[in-house]
Structure formats: structure tokens, C-alpha cells
Amino acid sequence: MIIAIDGPAGSGKSTLGRMLARALNLLYIDTGSMYRAVALATIDAALDPADNDAVTDLAQRVDMDLEGDPDSLRVWLAGRDVTERIRDDDITEMSSIVSTIPGVRRAMVARQRELGKRGAVMNGRDIGTVVFPDADIKFFLDAVADERAERRFKEDLLVNPEATLAQTLAEITERDLRDTTRSDSPLKIAEDAIVIDSTGLSIQEVFERMMEHVHRNH
């Protein structure tokens, strides 16, 4: 079974994806981590992110792997564990840039389809529309920007004590614009997606709604 979870930044995709994968005993694939790994490789190689051809070539060649269970997913790049490093601010910023490059997205989609052949819960921004348009179940998670920023701000504080809520909200607003307006596979709701607005809901409440849909459909 393949379950696609799409939605904007801070909508709970990662947390809920892990919870679903654990409950259903499926592989969990956080596609955002894959783009973050490309971002780190771009920085390590001192490439100009505006050089689309060079970054695309890197994305096609880069040695990356995801392993571990849903609660302890580790990201490896060229043989080193970069799970913590790819959460740093400079990687977040670079990831939002390189992920708009069509060639990079095509390279990652090919890898994601290969990984998902075994059945998986996969989250991202184009899973139900591009990566797995025939996914068994598609969810689109959303929430008002202020609430998504509040959630992301709490995460940001763990790695950057100087982070501010205003800064996080500005970054999320910019990311939303970039995701929804890019020319290649923009963030949008698949026609057959189950839309859940999590504004004002706890993670557990959203999880229970998602599980109800899973059981109803399978």
C-alpha cells in the first residue's frame, strides 16, 4: 500500500507520516530529507544554486540513503550520517531553492518511486500529484499559516535559540509562495485527495481521522 501525504511547511506531514507508517507497519519516506541532502551536497561542493545544470548533475549522482524505522529515520550522504546537519538553517534555505529546479525534482522523483515500490507512507509536496498519482490513499494536510509557523517555531528553537516567531512566519510565507508558484510540480491538492485542515486540532486528533480513512478505504 502506498499512502501519499502532501501539504505546506508546518502542516504536520512528517510527524503524522511517521505515526501512520508505524501503525501500518510500512516504510516511511520523508522526501523533504532527500531535498535537504541535495542542498547539503550543493553547499559542500560550493556550487552556485542558480547553476541549474550543475545542481541537477549533482542530484543525479549524489550517494544518499534513508534507513531506520519511522521514529529513527537516518539520512546518509556519501557514507556519512547527516540527519542532524540537514536541519540547520542554511540547509533549510538552500533546500527551498534547489527543490524548485526541475532537473533536481525529476532526479528525486525517480529515487522516490524506486523506494516506494515496497509500499510506503511518503510525504512531500507533490507525492499524490506527481510521484505516486495512483497512490492507494492521498492526504493533503493544511492549517492556517500562523498555526503552522507556531509549530515550526518550536522546532526551530531546538536548533536555533535566537529564532523568532516573526522570522519563522516570514520563512513559511515565502516557502508557501515558492512551493505553489514553481513551474515544475507545484504544491497543489490532488483531485482525489482527502483534505484535512488541522487548524485547532491536536496531532492525535488528525492521526485518528487519517486512520479512519485508511480503514474505510482498505
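This is a short dialogue on reading a predicted protein model.

Student: Where do I start? How many helices and strands does the protein chain have?

Tutor: Count the elements. The chain has 9 helices and 8 strands.

Student: How is overall compactness judged, and what is the radius of gyration here?

Tutor: Set the radius of gyration beside the value expected for the chain's length. Here it is 16 Å, close to the 17 Å that the globule rule gives for 218 residues, so the chain is as compact as a globular protein of that length. The C-alpha trace spans about 50 × 40 × 35 Å along its principal axes.

Student: What share of the residues is buried?

Tutor: Buried means under 20% relative accessible area. By that cut-off, 50% of the 218 residues are buried.

Student: How do I read one helix?

Tutor: Start with a rule. An α-helix has 3.6 residues a turn, so residues three or four places apart point the same way. Now take helix H4, residues 89-98. Its buried residues are Ile-91, Met-94, Ser-95, Ser-96 and Val-98.

Student: Which helices do the buried residues of H4 pack against?

Tutor: Four elements: H2 (31-44), H3 (52-61), H5 (102-116) and H8 (165-181).

Student: Which residues touch the most other members of the largest nonpolar core?

Tutor: Ile-3, Leu-20, Met-108, Phe-139 and Met-210, in a core of 56 residues. H2 gives the largest share of this core, 7 residues.

Student: What does Leu-20 touch?

Tutor: Leave out residues up to four places away in sequence. Leu-20 then touches Ile-3, Ile-5, Val-121, Phe-139, Phe-207, Met-210 and Met-211.

Methods: Residues numbered from 1 in each chain as written. Predicted model: local features only at pLDDT ≥ 70, side-chain atom pairs only at ≥ 80, totals over all residues. Heavy atoms only, no water. Helix = DSSP H or I, 4+ residues; strand = E, 2+ residues; numbered from the N terminus. Rg over C-alpha atoms; globule rule 2.2 N^0.38 Å. Buried < 20%, exposed > 50% of the residue type's maximum accessible area, 1.4 Å probe, protein only. Contact = heavy atoms within 4.5 Å. Core = buried A, V, L, I, M, F, W, Y, C linked by side-chain atoms within 4.5 Å.
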